[in-house]
Amino acid sequence: MESEIVPKVTKMTVSGKKQSMGFEVPCVIAEENGHANTPQKGLLAEDASVASGVFEAVSKSTLSSQVAQVSEEQNMVPTPVKKSSKAKPQIDVKAELEKRQGGKQLLNLVVIGHVDAGKSTLMGHLLYLLGNVNKRTMHKYEQESKKAGKASFAYAWVLDETGEERERGVTMDVGMTKFETKTKVITLMDAPGHKDFIPNMITGAAQADVAILVVDASRGEFEAGFETGGQTREHGLLVRSLGVTQLAVAVNKMDQVNWQQERFQEITSKLGQFLKQAGFKESDVAYIPTSGLGGENLVTRGQSSDLTQWYKGKCLLEQIDSFKPPQRSVDKPFRLCVADVFKDQGSGFCVTGKIEAGYIQVGDRLLAMPPNETCTAKGITLHDEPVDWAAAGDHVSLTLTGMDIIKINVGCVFCDPKEPIKVCTRFRARVLIFNIEVPITKGFPVLLHYQTVSEPATIRRLLSVLHKSTGEVTKKKPKFLTKGQNALIELQTQRPVALELYKDFKELGRFMLRYSGSTIAAGVVTEIKE
């Protein structure tokens, strides 16, 4: 299983095609600005031809960075303001952030919901309608899916890339794409809905700011996803515990029930109660009737008369556009959680992940914890384009040199060597217990899901039961914990994990506990022991 997933992720991030983009794109820019100073243009053309010719011999990454730099310098010639950044002083990241976005804010969006609620089809169709998938590719998918006897899966194939996902018609890994709305740049993560793949889903949700919860409106299907054992509830709880506060509920497959208003209201009232218990504010949850296969109400307001007579609200794209981007902690020390590691062509290797806090520039020294090794960031890639710097909230891949790839696992945290992250095997935390059958006792074995890590751990001590709203201690040293309780516990992990206190770093202080395939608790780190 593992081995099948890994190559897929790698393929996604560093396919040969995208790598070559490295020196094609800057060349184009350079040619445009270059007509004033011809010698450099000539040099560039030469560089590019060298690149294509000696492409195997010379490590690609170095070439691409050379060209990128040349083009950067050329871009700097017309604008005297940017002269300062030639000598590589500290970049004023805040100003740069505003400039880079062109006023557009970054938003990480995760799509969640019960298996077969139509998440991949919904988002695939949305991307197609936005023009992110060209007609030819779409036609190819339609033909292929017809051949495979799954004609209705054509749009899902936009996001489900591997053969196995397509064969089974089930998303397994978190697929990532980027698209733009009027005011935002969205990194879209399509999470798996099947309960066997919840660990993958947690990894996706831990990197998200906002979420779309997809539910199936057809009779019996919504109930199956929502009642006990369904993934709708668990996913809702998970994203809330991982710090997602804004949610759009896409009530999908509404065309199956002829866009009935009663059905829509029935679903929204049931979900509304549950989401309120889970801790979402009513003002932060929006409900949108959609049809993923028909493409109704995704990018433009729904046209069908059955819908328009009672629904006057936003379509899905407008809703995504109206999400408020969260506060990014750019001022804090640099933190990046590794979501994937792979060997790059040439020297060094790549890690991908989301920058949780701080910012990074090419050439910075980084410290990797738990292995406690330092290395240098040789290159930064954002959305497949090489950049000079990146800041909190970006999904980047870093090319690193000066350390051994064996030392890095998924879940390591890269941080600022001056202000390293704490590493421990024992820590105290405040947890909220979800619905569980067996009471939790001392020595209870759990799986600790934290950012992109899942570590086996045991509950060392039950310290106290707390009052739900005030947080006062209601009972010292309880013998066991049951569902719905709020408690202070001490956890012991098998291997050291890199953690932060919740009060210092909200993103890095949250975790989930799972036991035998279901999520039993969510918690925040209150004190780090050793």
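Accessible areas here come from the Shrake-Rupley method with a 1.4 Å probe, and the model they are computed on is a predicted one.

Q: How much area does the chain expose, and what share of it do carbon and sulfur atoms supply?
A: Let's begin with the whole chain, which exposes about 23900 Å². Of that area, the share supplied by carbon and sulfur atoms is 52%.

Q: What percentage of the residues in the chain are buried?
A: A residue is called buried when its relative accessible area is under 20%. The chain has 530 residues, and the buried ones make up 51%.

Q: What span does helix H7 reach from its first C-alpha to its last?
A: Helix H7 runs over residues 135–147, which gives it 13 residues. At 1.5 Å a residue, the expected span is 18 Å. The model comes close to that, with H7 reaching 18 Å.

Q: Why are Met138, Tyr141 and Ser145 on the same side of H7?
A: These three residues of H7 are buried. An α-helix has 3.6 residues a turn, so residues three or four places apart point the same way. Around the axis of H7, the buried residues cover an arc of only 55 degrees.

Q: Which residues are exposed on the other side of H7?
A: Now turn to the side of H7 away from Met138, Tyr141 and Ser145, which are buried. Exposed residues have over 50% relative accessible area. On this other side they are Lys135, Arg136, Lys146 and Lys147.

Q: Which helices do the buried residues of H7 pack against?
A: The buried residues of H7 are Met138, Tyr141 and Ser145. Their packing partners are helix H6 (119–129) and helix H8 (163–168).

Technical notes:
Residues numbered from 1 in each chain as written. Predicted model: local features only at pLDDT ≥ 70, side-chain atom pairs only at ≥ 80, totals over all residues. Heavy atoms only, no water. Helix = DSSP H or I, 4+ residues; strand = E, 2+ residues; numbered from the N terminus. Expected span 1.5 Å × (residues − 1). Buried < 20%, exposed > 50% of the residue type's maximum accessible area, 1.4 Å probe, protein only. Arc of directions from axis to C-beta. Contact = heavy atoms within 4.5 Å.
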